[in-house]
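Subject: Structure handover

Hi,

Here is the structure I promised to pass on. My notes follow below it.

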Amino acid sequence: VEDLKEDRFAMDLQGFRARHLSEIRDGHWWVMAERDQILFQVHVGPRNDAVIQLGGVFTPPSVRGRGHATRGLRALVAGLLRDRPAVSLFCDESNSIACRLYERVGFERRFYNHSYLLRPQRQSSYV
């Protein structure tokens, strides 16, 4: 919600759960947890031989500021860079805390873009 400004879970509860369970089974979500509490999570998404893209980087508010995201992201990126030459991610440039995290881990700002989310059109019934 912080990043996308909408609650995808609330918008499509069953679809959200099904999609995420499938992605967890396929190894796309990486989670750092301690005593059943999530400390950090990240989605390992689209990839090809040249680059792999990360998204969904999140640390719960109650455990922020303790270095979990820095350690988790740094370790994940180091492992991913063994298999391909680059790792990428997108960040809302107004999210200065996230931008500082990514720069601390070693990411560089390369370009700016805008994302557009398209919603399916509602089916209308004709009589």
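Which residues touch the most other members of the largest nonpolar core? They are Leu54, Leu73, Val77, Leu80, Val87, Tyr102 and Phe107, in a core of 17 residues. A nonpolar core here is a set of buried Ala, Val, Leu, Ile, Met, Phe, Trp, Tyr and Cys residues joined through side-chain atoms within 4.5 Å. Buried means under 20% relative accessible area, exposed means over 50%, and partly exposed is in between (1.4 Å probe, protein chains only).

Two notes before the rest. This is a predicted model, where local features need pLDDT of at least 70 and side-chain atom pairs count only at pLDDT 80 or more, while totals for chains, interfaces and linings use all residues. Residues are numbered from 1 along each chain as its sequence is written, and side-chain values use heavy atoms, with hydrogens and water left out.

Overall layout

The protein has 4 helices and 4 strands. From the N terminus, the order is α-α-β-β-β-α-β-α. Helices (H or I, at least four residues) and strands (E, at least two) are DSSP runs, numbered from the N terminus. Of the 127 residues in the protein, 25% are buried. Contact means heavy atoms within 4.5 Å. Among contacts between residues at least 6 apart in sequence, 47% join residues at least 24 apart.

The core and helix 3

Back to the largest nonpolar core, with its 17 residues. Strand 2 (37–47), strand 3 (51–58), helix 3 (68–80), strand 4 (86–89) and helix 4 (96–105) each give two or more residues to this core. Helix 3 gives the largest share, 5 residues. In soluble globular proteins, nonpolar side chains tend to be buried together.

Helix 3 has 13 residues, so at 1.5 Å a residue it should span 18 Å, and its end C-alpha atoms are indeed 18 Å apart. The expected span is 1.5 Å times one less than the number of residues. The buried residues of helix 3 are His68, Ala69, Thr70, Gly72, Leu73, Leu76, Val77 and Leu80. Their cover includes strand 1 (29–34), strand 2, strand 3, strand 4 and helix 4. Take Leu73. Leaving aside neighbours within four places in sequence, Leu73 is in contact with Phe40, Val42, Leu54, Leu101, Tyr102, Val105 and Phe107.

Tyr102 and its ring partner

Tyr102 sits in helix 4. Tyr102 is buried, with a relative accessible area of 9%. Beyond four places in sequence, Tyr102 is in contact with Val57, Leu73, Leu89, Cys91 and Phe107. The C-alpha atoms of Tyr102 and Ala69 are 9.4 Å apart, with their positions 33 residues apart along the chain.

How many aromatic pairs does the structure hold? There is 1. Tyr102 and Phe107 form it, edge-to-face, at 6.1 Å centre to centre and 75 degrees between the planes. Rings of Phe, Tyr and Trp (its six-membered ring) pair if their centres lie within 6.5 Å; planes under 30 degrees apart count as stacked, over 60 as edge-to-face and the rest as tilted. Both Tyr102 and Phe107 are buried.

Cysteines

A search of the whole structure finds 0 disulfides. The criterion is a pair of cysteine sulfur atoms within 2.5 Å. For Cys91, the nearest cysteine sulfur is that of Cys99, 3.6 Å away. Cys91 counts as partly exposed, at 31% relative accessibility. Cys99 is buried, with a relative accessible area of 7%.

Strands

Strand 1 and strand 2 pair in the antiparallel sense over 6 bridges. Two strands pair if DSSP finds at least two bridges between them. Val31 stands opposite Gln41 in strand 2. The hairpin of strand 1 and strand 2 has 2 residues between the strands, and Arg35 there takes a positive phi near 50 degrees.

Strand 3 and strand 4 run parallel, joined by 4 bridges. Ile52 has Val87 in strand 4 as its bridge partner. Side chains alternate along strand 4: Val87 and Leu89 point to one face and are buried, while Ala86 and Ser88 point to the other and are not.

One loop residue

Thr59 lies in the loop between strand 3 and helix 3. Thr59 counts as buried, at 10% relative accessibility. Not counting residues up to four places away in sequence, Thr59 touches Leu39, Phe40, Arg64 and Ala69.

Best wishes
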